[in-house]
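Colleague: I'd like to practise reading aromatic pairs and chain contacts. Could you walk me through an example?

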There are 2 protein chains.
Amino acid sequence: MKTYQQLFELFTSHINEAEYGKNPKELYEPISYMMQLGGKRLRPILSLMACNLFEENVAKALHAAHAIEVFHNFSLVHDDIMDNAPLRRGKETIYKKWNMPIAILSGDLMMIKATQLLCKTNDVDIRELLNVFNNTAVEVCEGQQIDMNFETQKSVSHEEYLEMIKLKTAVLLGCSLKIGAIIGGANKEDAKHIYDFGINIGLAFQIQDDILDSFGDGSITGKQVGGDIIANKKTLLLIELIDSVHKDDQLLLEKAMKNQNDNEKIIVILSLYNKYKIQEFAEGKKEIYLKLAYEHLSKVNIEESKKVIITHTAQELMSRIS
Amino acid sequence: MKTYQQLFELFTSHINEAEYGKNPKELYEPISYMMQLGGKRLRPILSLMACNLFEENVAKALHAAHAIEVFHNFSLVHDDIMDNAPLRRGKETIYKKWNMPIAILSGDLMMIKATQLLCKTNDVDIRELLNVFNNTAVEVCEGQQIDMNFETQKSVSHEEYLEMIKLKTAVLLGCSLKIGAIIGGANKEDAKHIYDFGINIGLAFQIQDDILDSFGDGSITGKQVGGDIIANKKTLLLIELIDSVHKDDQLLLEKAMKNQNDNEKIIVILSLYNKYKIQEFAEGKKEIYLKLAYEHLSKVNIEESKKVIITHTAQELMSRIS
């Protein structure tokens with residue numbers, strides 16, 4: 001079994017050697033720029049880890065892991081245009097550094113390159129891999145649209161919110177793991193449990209992200225604390241607050257959501273979150289999904305000792321308390 | 001052998017039954033809208049025709065033909081954003097009728113759906129089909145970028161122009177034919193000749209389009225005559241004129257290209273096209289590519305009688321004199 005660090009180094013050296021193309025440079029330079037911005041490389045590492053559960057030679061899954069990282073970055077390039085985002089990992093987004101047509105077109109090209117990379121995987125039923133990959137890609141697009149719809153949607157239910165984060169975030173984690181497992185030779189049942197482990201970890205991870213945005217330490221998370229509150233973003237916290245608030249606090253909440261003074265707004269909403277025990281509610285939900293995730297992992301029919309690295313990685317993700 | 005009309009009806013009834021998805025409707029309604037705008041359906045029909053050269057049961061190629069039509073429409077949806085185009089086939093573009101984020105995301109989804117449709121093709125080496133399809137998709141993106149580069153590029157050579165129209169237009173015709181031929185069971189050599197037939201027909205077709213834009217009858221082509229001239233678009237005609245013009249006419253040409261009065265501009269440029277026999281030059285080029293196309297078709301190792309429909313279709317395309 002390879003450690004997280006070993007897999008990270010293997011993957012990093014693999015993509016550092018990657019050549020996506022040369023001409024026209026207006027199209028390929030943004031792709032190299034984006035792929036070199038770094039990040040945790042969580043999804044490709046999960047693919048390699050899942051492969052490693054069933055197969056010693058994880059190099060078999062490198063092209064697929066690369067495909068998933070390119071796909072993930074394609075979705076970020078296009079999301080940044082839609083969200084009008086100036087920065088990504090502290091650097092200018094493609095759409096700001098170059099322009100909108102180049103961001104659209106280099107994103108399109110990344111999507112195609114992702115499929116090409118996936119097809120480089122040998123000794124596997126390529127139709128099965130493509131099915132998992134393309135179904136996930138469709139869901140990620142659907143999730144992004146549902147998230148955009150939330151901005152103008154008056155009320156969002158818990159179920160709608162959970163469906164959105166499942167599509168926008170969790171399915172790609174599930175897909176990364178499942179594709180790695182299939183390449184490693186997992187049977188259908190094990191591949192399904194690995195996928196469901198990923199889905200539930202993804203849901204827990206996104207809920208944790210929502211909690212950190214309001215209750216985290218900005219100097220550690222690297223994000224503006226209360227960014228979601230300022231934007232009235234329909235997170236699990238806000239949705240639960242709107243559902244729970246008593247008549248007496250209704251007006252206070254409505255006024256706060258319209259308040260243009262960010263500091264005042266954050267103070268009032270946080271006080272309501274505390275009053276209605278919203279953090280505890282969200283932590284409870286997170287724990288439910290974590291528990292489900294580990295149940296699925298426990299059903300994967302391999303030695304328990306092999307699961308340690310993947311469990312450890314999930315715990316690392318979740319221990320970002322602040 | 002099926003006629004063009006029979007294939008058109010077969011394909012139309014196939015896509016009329018297509019369901020791309022339902023929710024979120026903001027994403028799927030634009031896809032159905034775009035796919036129902038119609039058009040000649042040239043590319044999918046070419047796929048079916050090429051299949052029919054080798055195989056009686058053309059239904060085998062329906063999913064692939066559909067995939068190519070969806071891919072073509074994906075590229076139009078994104079091109080319309082980049083070109084800021086308000087109309088497509090006389091109807092509002094997705095980007096105008098909905099908005100830019102929806103046009104980006106529904107385009108992305110169409111690209112993924114195209115791969116999914118291609119993968120529905122049975123009894124074929126799916127990796128081979130995907131290679132042809134993805135390589136072409138990459139080239140189409142490259143062609144679009146090169147075309148955008150031309151707008152700000154001071155001078156464009158004949159070779160650069162021909163490379164651009166090859167990538168932007170011709171390779172998808174070649175790909176449509178080759179994929180149909182592979183599904184029909186063509187051997188590698190025949191598939192290559194069919195592809196090269198498509199490439200050369202595509203080049204001839206695009207040159208003809210350039211000629212019609214300046215010399216066609218707008219009431220028949222449905223386009224504004226001289227649109228390319230007004231926009232100083234670097235077509236084969238303008239590139240050749242810039243190359244051929246004598247010193248004495250240099251200033252006249254430069255002034256005309258800067259003239260804000262469209263009618264005056266068209267009159268002067270057309271007079272220069274006539275003086276330097278630019279239409280004849282372009283017609284000559286077109287004939288060279290047509291000849292090359294038929295040479296490749298003649299080398300396809302099947303009965304000559306089977307080639308009649310495909311030859312006839314090419315001639316129909318080329319007989320749009322006005």
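Colleague: Let's start with two rings. In which helix do Phe71(B) and Phe74(B) lie?

Modeller: Keep in mind that this is a predicted model. Both residues lie in helix H4 of chain B, residues 62–82. They are three residues apart, about one turn of the helix.

Colleague: And how do I describe a ring pair in general?

Modeller: A pair of aromatic rings is described by the distance of the centres and the angle of the planes. Here, Phe71(B) and Phe74(B) are 5.4 Å centre to centre with 50° between the planes, a tilted pair. Phe71(B) is buried, and Phe74(B) is too.

Colleague: What about Phe215(B) and Tyr273(B): what angle do their planes make?

Modeller: Their planes are at 40° and the ring centres are 6.0 Å apart, so this pair is tilted. Phe215(B) lies in helix H9 (residues 188–215) of chain B, while Tyr273(B) lies in helix H14 (residues 262–275) of chain B, so the pair ties together parts that are 58 residues apart in sequence.

Colleague: Is Tyr273(B) buried or exposed?

Modeller: Tyr273(B) counts as buried, at 2% relative accessibility. Its partner Phe215(B) is partly exposed, with a relative accessible area of 24%.

Colleague: How many aromatic pairs are there over all chains?

Modeller: The search of the whole structure finds ten. In chain A, ring pairs also link Phe71(A), Phe74(A) and Phe133(A) into a cluster.

Colleague: Rings can have charges over them too. Which residue lies over the face of Trp98(A)?

Modeller: That's Lys97(A), at 5.6 Å from the ring centre. Likewise, Lys178(A) lies over the face of Tyr195(A), at 5.5 Å from the ring centre.

Colleague: Now the interface. How many residues does the contact take from each chain?

Modeller: It takes 39 residues from chain A and 39 residues from chain B. Together the two chains bury about 3300 Å² between them, with 69% of that on carbon and sulfur atoms. On the chain A side, Leu105(A), Ile112(A) and Arg127(A) lose the most area to chain B, together 18% of what that side buries.

Colleague: What is the count of salt bridges between chain A and chain B?

Modeller: Zero. For polar contacts across the interface, though, the rule finds twelve residue pairs.

Colleague: Which helices of chain A each supply at least two residues of the side that touches chain B?

Modeller: Helices H2 (25–35), H4 (62–82), H6 (100–118) and H7 (126–152) of chain A do. The largest share of that side, 14 residues, comes from H7(A).

Definitions and conventions
Residues are numbered from 1 along each chain as its sequence is written. Chains are lettered from A and ligands numbered from 1 in the order in which they are written. This is a predicted model: local features need pLDDT of at least 70, side-chain atom pairs count only at pLDDT 80 or more; totals for chains, interfaces and linings use all residues. Side-chain values use heavy atoms; hydrogens and water are left out. Rings of Phe, Tyr and Trp (its six-membered ring) pair if their centres lie within 6.5 Å; planes under 30 degrees apart count as stacked, over 60 as edge-to-face and the rest as tilted. Helices (H or I, at least four residues) and strands (E, at least two) are DSSP runs, numbered from the N terminus. Buried means under 20% relative accessible area, exposed over 50%, partly exposed in between (1.4 Å probe, protein chains only). A charge sits over a ring if NZ of Lys or CZ of Arg is within 6 Å of the ring centre and within 35 degrees of the ring normal. Contact means heavy atoms within 4.5 Å. Buried area is the accessible area (1.4 Å probe) that two parts lose on being put together, summed over both. A salt bridge is a side-chain nitrogen of Lys or Arg within 4 Å of a carboxyl oxygen of Asp or Glu. A polar contact is a pair of N or O atoms within 3.5 Å; within protein, one must be able to donate a hydrogen and the other to accept it, and residues adjacent in sequence count only if both atoms are side-chain atoms.
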